[in-house]
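Biologist: Before I rely on any label in this model, I would like to hear what each one rests on. Could we go through them one by one?

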Amino acid sequence: MDKQQDQQQDEQREAEHGASASEARPVLEGPDIARVLTRIAHEIVERAKGADDVVLLGIPTRGVHLARRLAAKLEEITERKVPCGALDITMYRDDLRMHPPRALARTEIPGDGVDGRLVVLVDDVLFSGRTIRAALDALNDIGRPRAVQLAVLVDRGHRELPIRADYVGKNLPTSLRETVKVQLAEEDGRDTVLLGVKPAAPGGRR
């Protein structure tokens, strides 16, 4: 997938997260993100009792980068390589008919697959829960894990489905008028989480 398609998909997912921020302020900076990923990695090891059968699958785009960072931290902790891949959810979304065609990302499943493994899905922002529902459907077509967990950098609330994260970097209560945008060095040149306010519609009340 070329950079233009990648950017288009990011814009579509950012719209879901409410990420076109106006007057945004940072709520997490690079060192904060590094610390919370280290904490999440330790929590995964503790809950999985060593992480021997853990597989990390990131949801494109920024979820993939976060999954790779978590895999590196898990390797530091456990001194063993942790399988890491990507899970495209585009064709499993429940709003395909409501929006223009979306650019497909790449699904990359580690060589040993996911059957019988503990799969940890990784995403940047948890909002309505619909992205994760689509990820579970996509995962079901790939194999049968023994269990599935979810790790997110930010949980901003406003769930529309009964989905919750097992590992959360930061709980960030927001209003629907607020926006959350995650920037990562791999995509954006810096690490930060920005909280802003949606611009008022032209002629609308502020």
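Biologist: What pLDDT does the protein average, and how many of the residues score at least 70?

Modeller: The protein averages a pLDDT of 87, and 82% of the residues score at least 70, where pLDDT is the predictor's confidence in each residue, from 0 to 100. This is a predicted model, in which local features need pLDDT of at least 70 and side-chain atom pairs count only at pLDDT 80 or more, while totals for chains, interfaces and linings use all residues. Residues are numbered from 1 along each chain as its sequence is written, and side-chain values use heavy atoms, with hydrogens and water left out.

Biologist: Where does pLDDT stay under 50?

Modeller: That applies to residues 1-8 and to residues 14-22. Where pLDDT is low, the predicted coordinates should not be read in detail.

Biologist: What makes up the secondary structure of the protein?

Modeller: There are 5 helices and 8 strands, counted as DSSP runs numbered from the N terminus (H or I over at least four residues for a helix, E over at least two for a strand). Along the sequence they follow the pattern α-β-α-β-α-β-β-α-β-β-β-α-β.

Biologist: Why is valine 119 called buried?

Modeller: Buried means under 20% relative accessible area, exposed means over 50%, and partly exposed lies in between (1.4 Å probe, protein chains only). Valine 119 has 0% relative accessibility, and therefore counts as buried. This residue is in strand β4, and its C-alpha is separated by 5.9 Å from that of leucine 56, although the two are 63 residues apart along the chain.

Biologist: Why does arginine 117 count as buried?

Modeller: Its relative accessibility is 16%, so arginine 117 counts as buried by the under 20% rule. Arginine 117 lies in the loop between β3 (84-86) and β4. Leaving aside neighbours within four places in sequence, its contacts (heavy atoms within 4.5 Å) include Asp53, Asp112 and Arg146.

Biologist: And proline 60, buried or exposed?

Modeller: Proline 60 has a relative accessible area of 7%, and so it is buried. Proline 60 is found in the loop between β2 and α3, and its C-alpha is 9.3 Å from that of aspartate 124, with their positions 64 residues apart in sequence.

Biologist: What makes a set of residues a nonpolar core, and which members of the largest one touch the most others?

Modeller: A nonpolar core is a set of buried Ala, Val, Leu, Ile, Met, Phe, Trp, Tyr and Cys residues joined through side-chain atoms within 4.5 Å. The largest has 33 residues, of which Val54, Leu56, Leu153 and Val193 touch the most other members. α2 gives the most to this core, with 8 residues, and a second, separate core of 19 residues includes Leu57, Ile89, Leu121 and Ile132.

Biologist: How do you know that the span of α2 is close to the expected one?

Modeller: The expected span of a helix is 1.5 Å times one less than its number of residues. α2 has 19 residues and reaches 27 Å from its first C-alpha to its last, close to the 27 Å expected. Among the buried residues of α2 are Ile33, Leu37 and Ile44, and the helix is followed by lysine 49, whose phi is positive, near 55°.

Biologist: How do you know that the charged end of arginine 156 sits over a ring?

Modeller: A charge sits over a ring if NZ of Lys or CZ of Arg is within 6 Å of the ring centre and within 35 degrees of the ring normal. The charged end of arginine 156 is 4.2 Å from the centre of the ring of phenylalanine 127, and sits over that ring.
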